[in-house]
Every structure is written in structure tokens, then in C-alpha cells.
Amino acid sequence: MQFGRTTLSKFVIEHTRASHGELGALLIDVAAAVKTISAMVAKGALGGSLGALDSTNVQGEVQKKLDVLTNEAILRHCEWGGQLAGMASEEMDDPYPIPAEYPRGRYLLVFDPLDGSSNSDVNVSVGTIFSIFARSTAGDAELGDYLRPGSEQLAAGYAIYGPSTMMVLTLGNGTHGFTLDRESGNFILTHPAIRVPEDTREFAINTSNERFWEPPVQRYVSECKAGKSGVRGADFNTRWIASMVAEVHRILIRGGIFMYPKDSKDPSRPGRLRLLYEANPMAMLIEQAGGAASTGRQRILDVAPDSLHQRVPVILGSKNEVERLERYHQEYDTGADRPFVSPLFSDRSLFRDEPRA
Ligand code: AHG
Ligand code: MN
Ligand code: MN
């Protein structure tokens with residue numbers, strides 16, 4: 001029984017009075033969409049929604065059935081209420097205009113409807129990420145309205161569909177976690193004012209990309225891997241789930257650092273993750289919980305977007321580790337820490353280290 005506990009609705013109504021209830025009403029619609037998606041994802045193979053479609057999204061990624069269905073769920077739950085000027089999503093090339101029959105509002109909703117969707121086929125946690133901005137006036141949003149730095153977000157959050165479904169939210173005054181009580185259908189405040197520990201001995205990165213990373217990231221990871229016998233003097237643990245939502249959730253609960261840094265695998269991409277609907281909302285949640293979020297060279301929330309689906313390097317989590325990585329980038333950029341290259345082992349050397357077959 002949850003009598004007397006704080007529901008998500010009560011929390012957002014209490015914390016959004018300044019917007020005369022409009023932001024609160026929008027967040028309650030987002031929560032309704034999340035409950036629909038939670039039920040859809042939980043059906044697994046019984047829902048007939050697993051697997052891929054023939055289509056690709058604007059980023060050239062093969063769409064899963066669930067990518068498309070979850071995108072529709074958010075559009076339908078949020079378009080009618082009169083709070084929105086428009087929506088944008090990972091799964092739509094262009095911003096979504098509010099249909100003619102509904103009133104327009106001031107808010108812009110951008111989202112990744114199903115983050116980590118490749119994990120849905122293998123029954124591993126996936127999530128939904130969202131971010132909310134405002135225009136100064138109500139009306140139809142233009143592309144430029146979406147291209148605001150993350151520091152201007154009014155609200156950001158994610159839902160994680162794991163053993164339990166949770167919604168983690170910030171309105172710029174701390175990061176708060178709500179757990180879905182499946183019997184009553186309410187999200188209950190279970191994790192108020194989450195704090196990310198400043199230190200950690202746990203790091204998350206896709207090491208298959210190691211050869212494409214920049215030297216500061218290679219340095220950081222090799223020092224972590226050297227453990228007690230290296231310069232860090234401590235053993236580290238590693239985790240990689242391939243659902244950013246699940247990685248960020250773990251970091252909010254027990255600390256850690258998550259990296260999807262700049263790499264040279266595809267020079268046209270400055271990173272893997274998208275700024276507007278992946279990096280920015282997660283950066284706001286992490287900062288509001290006392291952590292840090294950086295590209296390595298700049299605070300993520302200060303990056304000025306130039307396109308809707310722009311990618312960005314992401315390094316976020318426990319503050320002291322993120323700051324250490326920023327220092328490594330700075331030392332590399334200023335030449336203070338150029339890696340030593342032996343002339344004996346250069347490309348034309350007799351002692352060249354030949355790759356093994
Ligand atoms: P999406 O499913 O929305 O495309 O995002 C997946 C993202 C992120 O959640 C995760 O951290 C990363 O992609 C995993 O990338 P790799 O497959 O390169 O590990
Ligand atoms: Mn994603
Ligand atoms: Mn996605």
C-alpha cells in the first residue's frame with residue numbers, strides 16, 4: 001500500500017506551479033507514454049514486437065519494430081494537450097509539427113523513444129530519454145527553436161525498463177527517482193535527491209573501439225587497467241551494457257564513469273551519441289546529482305547545437321574521474337603529454353612490431 005507516499009504526479013504539480021501547471025501536465029503525459037512503453041516492452045516475444053524492420057532512420061541505423069512503436073506512443077500521448085510547440089525524436093528525420101486539430105503551447109519535447117534498442121531482443125534493460133525546452137511564446141516550433149544548448153533545458157529525464165520500471169527526473173533542482181508500482185499504476189518517489197559519489201573504481205566504455213580513441217582516453221583506460229601496479233594504485237572494475245540508460249542509472253545509484261568518446265572509426269562523426277536527446281538530458285541529470293558531464297574538452301551542457309541529430313563525445317559520471325579525463329585531454333592538446341614514440345619502432349624501423357595473423 002502506498003498511502004502517503006509521493007507520486008510522480010504530486011511531485012511534478014508541486015514543482016511546476018510557476019508554469020501554471022503546463023509543464024506538469026506535459027510531464028504527466030510523458031509518464032503516461034512511459035507506462036505504455038513499459039507494458040509493451042515487458043511483453044517481450046509475446047507482444048510480437050521484437051526484431052528489426054526493413055527501414056533505417058535518419059542516422060542510417062536499422063530500425064527495430066519497437067523503435068517505431070515507442071516513437072508513436074510518445075507522439076500520441078503528448079501531442080494533444082496544448083502544451084507543445086513541437087517534438088523531435090531520434091526516429092524522425094525532421095521535427096514533428098503538432099497536428100492542426102490540437103492547440104499549441106510553448107514547450108518543445110525531444111526524445112530517444114527506445115535507447116539501447118538492440119538490447120530489447122536479448123531481454124536486457126532498455127530505456128526512454130527525454131528533454132524539455134521552452135519558446136518564449138506559444139506557436140509552431142521552427143528548427144532553430146530546437147538548437148539550444150543543454151543548459152537551457154527546463155526538465156530532463158529517462159525511464160528505465162529493467163526488473164522494475166523507473167522514471168528518473170530533474171526539473172533543475174536535484175535528480176529524483178520514481179519506481180512504477182505495477183498494481184496501482186503510480187510512479188512512487190523512491191530515490192529522492194540522488195547523489196553520484198565523487199570517486200569511483202568502475203568504468204564503462206566499449207573497448208572494441210580502443211584503437212580508434214584519442215590518446216588521452218587510451219591513457220586513462222590503460223591506467224585503470226594497470227590497477228594496483230600502475231599509477232592509479234588501485235584496481236578498477238569494468239562494465240558495458242550497451243544501453244546508455246542502464247549505464248547512467250548504475251552511475252546515479254553507485255557511481256562510475258561512462259565514456260563514448262570521440263574516435264576516428266568514422267571521421268564524419270565526432271562521437272556515437274546524439275547531443276539533443278541522449279547527451280544533454282543525461283548531462284543535466286548527472287550534474288543535478290553532483291556528477292560531471294563533458295566532451296573531454298567542454299561541458300556538454302555548453303555545446304551549441306548546429307543540427308537536430310548532431311553527435312557528441314560523452315564522458316560522464318563521478319566528478320573526480322571526469323575531471324581527470326578533462327585534464328588528460330588538456331595535457332594532450334597543449335603538448336604536455338604527447339605519448340612517447342620510439343624511433344626504433346616506427347613504421348620504417350627494422351624492429352617494427354608486425355601485426356600477427
Ligand atoms: P540507440 O539504441 O538509441 O541507438 O542507442 C544505443 C546507444 C547507447 O545506448 C549505447 O551506450 C551505445 O549506443 C552502444 O553502442 P555500441 O553498440 O557501439 O556499444
Ligand atoms: Mn539511444
Ligand atoms: Mn533509440
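**Exercise: the loop of Asn 123**

Place Asn 123 among the strands, then state its exposure class and the sign of its phi.

*Solution.* Asn 123 lies in the loop between S4 and strand S5 (126–134). Helices (DSSP codes H or I, at least four residues) and strands (E, at least two) are DSSP runs, numbered from the N terminus. The model is a predicted one: local features need pLDDT of at least 70, side-chain atom pairs count only at pLDDT 80 or more, and totals for chains, interfaces and linings use all residues. Residues are numbered from 1 along each chain as its sequence is written, chains are lettered from A and ligands numbered from 1 in the order in which they are written, and side-chain values use heavy atoms, without hydrogens and water.

Now the exposure. Asn 123 has a relative accessible area of 75%, so it counts as exposed. The classes are buried (under 20%), exposed (over 50%) and partly exposed in between, with a 1.4 Å probe and protein chains only.

Last, the backbone. Phi of Asn 123 is positive, about 60 degrees, although the residue is not a glycine. Most residues other than glycine have a negative phi.

**Exercise: Ala 193 and Gly 290**

Find the phi values of Ala 193 and Gly 290, and locate both residues.

*Solution.* Ala 193 has a positive phi near 45 degrees and is not a glycine. Its place is in the loop between strand S9 (186–191) and strand S10 (202–204). Ala 193 is partly exposed, at 47% relative accessible area. Gly 290 comes just after H7 and takes a positive phi of about 90 degrees.

**Exercise: the manganese ion, ligand 2**

Identify the protein donors of the manganese ion (ligand 2) and their spacing along the chain.

*Solution.* Donors are N, O and S atoms within 2.8 Å of the metal (3.2 Å for Na, K and Ca); water is not among the atoms, so sites may look incomplete. For ligand 2 the protein donors are Asp 112 (OD), Asp 115 (OD) and Glu 278 (OE), at 1.9 to 2.2 Å. Their spacing is D-x2-D-x162-E.

Next, the elements. Asp 112 sits in strand S4 (residues 107–115) and Glu 278 in helix H7 (residues 275–288), so the pair ties together parts 166 residues apart in sequence. Asp 112 is buried, with 1% relative accessible area. Glu 278 is also buried, at 2%.

**Exercise: the manganese ion, ligand 3**

Which residue bridges the manganese ion (ligand 3) and the manganese ion (ligand 2)? List the donors of ligand 3 as well.

*Solution.* Asp 112 is the bridge, and the ions lie 3.7 Å apart. The protein donors of ligand 3 are Glu 90 (OE), Asp 112 (OD) and Leu 114 (O), at 2.3 to 2.4 Å. They follow the spacing E-x21-D-x1-L. Glu 90 lies in the loop between strand S3 (84–89) and S4, and Asp 112 in strand S4, so this pair ties together parts 22 residues apart in sequence. Both Glu 90 and Asp 112 are buried.

**Exercise: the cover of H7**

How many residues of H7 are buried?

*Solution.* The helix is mostly covered: 12 of its 14 residues are buried. Among them are Leu 275, Tyr 277, Glu 278, Pro 281 and Ile 286.

**Exercise: the shell of ligand 1**

Name the residues that come nearest to ligand 1, its polar partners and the elements that supply its shell.

*Solution.* Start with the shell. There are 17 residues around ligand 1 (a heavy atom within 4 Å). Asp 115, Gly 116, Asn 206, Met 244 and Tyr 260 come nearest.

Then check polar contacts, pairs of N or O atoms within 3.5 Å. A side-chain N or O atom of Asp 115 is 2.8 Å from an oxygen atom of ligand 1. For Tyr 260, a polar side-chain atom lies 2.5 Å from a ligand 1 oxygen. For Arg 274, the distance is 3.2 Å. Alone, ligand 1 exposes 480 Å², and the protein buries 85% of that; areas follow the Shrake-Rupley method with a 1.4 Å probe.

Finish with the elements. S4, strand S12 (257–260) and strand S13 (273–274) each give two or more residues to the shell. S4 gives the largest share, three residues.

**Exercise: two long-range pairs**

Give the C-alpha separations of Ser 151 and Arg 299, and of Thr 165 and Glu 79.

*Solution.* Ser 151 and Arg 299 are 148 residues apart in sequence and 9.7 Å apart in space. Ser 151 lies in the loop between helix H4 (143–146) and strand S6 (155–161). It is partly exposed, at 41%. Thr 165 and Glu 79 are 86 residues apart along the chain, and their C-alpha atoms are separated by 24 Å. Thr 165 lies in strand S7 (residues 165–170) and is buried, at 2% relative accessibility.

Key. A polar contact is a pair of N or O atoms within 3.5 Å; within protein, one must be able to donate a hydrogen and the other to accept it, and residues adjacent in sequence count only if both atoms are side-chain atoms.
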